[in-house]
Amino acid sequence: MQPDDTHGWLEGHVKERNYGADWGDFVSFAKHIQDKPVEKNVDLLLIDTSDLHNRNGLSDVTTPNGEVTNPIFENIDYDLLTPGNHKLIAADVAYNTFTKFSKVEPDEREWVSIGRRSRYFTTKQGLRIMAFGVILNRTNNNKDITRIQPAAEMIEEDWFKDTVNRQDIDLFVLIGHNPVKPRIPKSESSFPLLMDTLRTTRPEIPVQGFGGHTHRRDFHIYDNISIKSQPVQEGVASPEVKNALVNKSTIGESADESCSKTKDFDIQLTRRYLDWNRLAFAYHATGSQNILNTPEGLNMTKGITDSRNSLNLTFVYGCAPQTYCILCKPFGDEGNIYTLVQTAAAATVVDLDRSANSRMIIVNQGAIRYDLVQGPFTVDDAYIVCPYTTTFRFIADVPYSLASKVLDYINKPKTTTKRSITVDTISSQMLGYDECNNPSPHNGTKLLKPKSLFRRVLDVDTPTPGYTTCDDLGDDGDDTPHSEIPEYTQPAHVQATAAFPQDGEPDKVDLIFSDFLGSRIATALNSANPPKNYTTDDTRLYYLPEDFTTNTFLPTYASMAWQDNINDCPIGG
């Protein structure tokens, strides 16, 4: 059983009931579900492949991130837990993870492992497991405080070879903050190399993998005795993999684009993706839709609520008049969040001393991490939608003929080659935004028809929009049937304009952008013919005060534009 990419979202989706279970509910669910294997004489592992903060006020409002949420996670008795890239973005968070969360005693070496490099254990049913934890490429920029060991280097070390070649192993378990079926370039995932190594070195031993990071439900068949599963985003779903490996019969090739199961397997191979709500938890934990709470879970829920109130996360900036989504509407549509970003940035990102100057504001797609749901827009929502505290820089008085070409230039796809890596050691500067943003709850493009197997969980006549998963076993993994949610490609960066003349174009503009975009903006300006000579030295820090960041402009806009119905604000879907 595996939750993944919770990102501090321990109170659940307060405004989205189908994903509204909180961490106390999960504590109760885990307690109930861990009792079942004893009754059935089977094994169950509880695994988390990390990213425990960044994207929610409860985890992000503290310094360092995770001061409140990390102790909450410790109430779960995990069998295996691995760090994610968001543990390594900031130096203080990485060090806090090492000293307070990993529980590994430091030694006198200059570089020491964050946690164990492997774990060997025997389950209650006598299954002897060797587990490894790895992480994907592009994880680390903090060269002074953290270091990532490449997987290609790790597999050549004596400790790894000795560990893999132990004779008392029945199953390898490979966990890590990696996509199980890489949707990013293959070279950026550590899984393929480690899988190939294990298959070559010990072809007789099956491998079970658990991934994360892409915020997608997935299940991937590597070969006849090797599989990997992956839950979905931000505490929204959890897979239940039952009897996944019981012998070494042929499994077959991966499913094709039609999303049909490739063949009937000779082994019992199933998986279940659960929507993150009390109804699903209660049904699977107890066989009832009404019984779930445990004293530990109820106490956890109270603690989460008290912490949210004490941290002022429920303060309301304004009443969002509708839902603005990341992917479900095309860019330019009124319900698209990047369309809203243009409006909000134009209204709020302004230096009053230069307010008469025409300006262009560029915000990258990765600054927005989740849909903005209709209803009260709170401090917590500000972190959920746009968590990063990136300041704004600007270049003054850029000729409009140059500035007008920047957006097209930086929206061109970048091509890079990267190595596979694995977490090994800990030793700051902001990591560029990755692809693990939070799409609307869905995962495919086809409509799932209700099936009797699922209707026992949510007895509905018409499926509601939500996750519709297509993986290597077909389209029957979702525990609750949903209809598809459209997914539209969005621009990598969006641009707002303000104080432009009513007729014609300005001669020059203030070009404003997130501070980490400085070098790309300079390169874009220098791409003109004849070439220019802009450098990052031409950018000025703090177009606005230092405390006005990408986490600030939406709350500021809400305080300006969304005051209607603020005391009686309806929640929408």
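The questions and answers below concern a predicted model of a protein.

Q: How many helices and strands does the protein have, and what percentage of its residues is buried?
A: The secondary structure of this predicted model comprises 16 helices and 21 strands. Of the 573 residues in the protein, the share that counts as buried is 57%.

Q: What percentage of the accessible surface belongs to carbon and sulfur atoms?
A: The accessible surface of the protein comes to about 24200 Å². The part of this surface that belongs to carbon and sulfur atoms is 47%.

Q: What is the strand order of the open sheet of five strands, and which strands stand at its edges?
A: The five strands form an open sheet with mixed pairing, in the order E19-E13-E20-E15-E21. Two of these strands have a single partner strand each, so one side of each is left without a neighbour in the sheet. The strands at the edges are E19 (493-498) and E21 (540-541).

Q: In which sense do E13 and E19 pair, and which residue of E19 is the bridge partner of Val363?
A: Strand E13, which spans residues 359-364, is joined to E19 over six bridges, and the sense of this pairing is antiparallel. Along E19, Arg359 stands opposite Ala498, while the bridge partner of Val363 is Val494.

Q: In which sense does E20 pair with E13, and in which with E15?
A: Four bridges connect E13 and E20, and one pair of bridge partners is Ile361 with Ile512 of E20. Six bridges join E15 to E20, where Pro399 stands opposite Lys508 of E20. The pairing of E20 with E13 is parallel, and with E15 it is antiparallel.

Q: Why is E20 described as largely enclosed by the rest of the structure, and how many residues of E19 are buried?
A: E20 is largely enclosed by the rest of the structure because six of its seven residues are buried. E19 is mostly covered, and of its six residues the number buried is five.

Q: Which helix lies across E13 and E19, and which lies across E13, E15, E19 and E20?
A: One helix runs at about 35° to E19 while lying across E13 and E19, and this helix is H10. Another helix, made of residues 518-526, lies across E13, strand E15 (392-399), E19 and strand E20 (508-514), and it runs at about 145° to E20. That helix is H15.

Q: Why are H10 and H16 described as roughly perpendicular, and how many charged residues does their contact have?
A: Helix H10 (residues 337-348) and helix H16 (residues 553-561) pack with their axes 9 Å apart at an angle of about 80°, and the two helices are therefore roughly perpendicular to each other. Residues in the contact include Leu340, Val341 and Ala344 of H10 together with Phe553, Tyr557 and Met560 of H16. By class, the contact has nine nonpolar residues, three polar residues and, as for charged residues, none.

Q: Is Val27 buried or exposed, and what distance separates its C-alpha atom from that of Asn293?
A: Val27 lies in helix H1, which spans residues 23-40, and with a relative accessible area of 9% Val27 is buried. Leaving aside residues up to four places away in sequence, Val27 touches Ile76, Glu296, Gly297 and Met300. Val27 and Asn293 are 266 residues apart along the chain, and their C-alpha atoms are separated by 8.9 Å.

Q: Which residues does a cis peptide bond join to Pro64 and Pro530?
A: Pro64 is in the loop between helix H2 (57-60) and helix H3 (69-73), and Pro530 is in the loop between H15 and E21. For Pro64, omega is near 0° and the residue before the cis bond is Thr63. For Pro530, omega is about 5° and the residue joined to it is Asn529.

Q: Is Asn565, which has a positive phi of about 60°, buried or exposed?
A: Asn565 is found in the segment after H16, and its phi is positive although it is not a glycine. Its relative accessibility is 54%, and because the cut-off for this class is over 50%, Asn565 counts as exposed.

Note on methods
Residues numbered from 1 in each chain as written. Predicted model: local features only at pLDDT ≥ 70, side-chain atom pairs only at ≥ 80, totals over all residues. Heavy atoms only, no water. Axes fitted to C-alpha atoms, helices over the stretch in contact; angles between N-to-C directions. Parallel < 35°, antiparallel > 145°, perpendicular 65-115°, else oblique. Contact = heavy atoms within 4.5 Å. Nonpolar A, V, L, I, M, F, W, Y, C, P; charged D, E, K, R; others polar. Buried < 20%, exposed > 50% of the residue type's maximum accessible area, 1.4 Å probe, protein only. Areas by Shrake-Rupley, 256 points an atom, 1.4 Å probe, with all protein chains shown as cover. Pairing = 2+ DSSP bridges.
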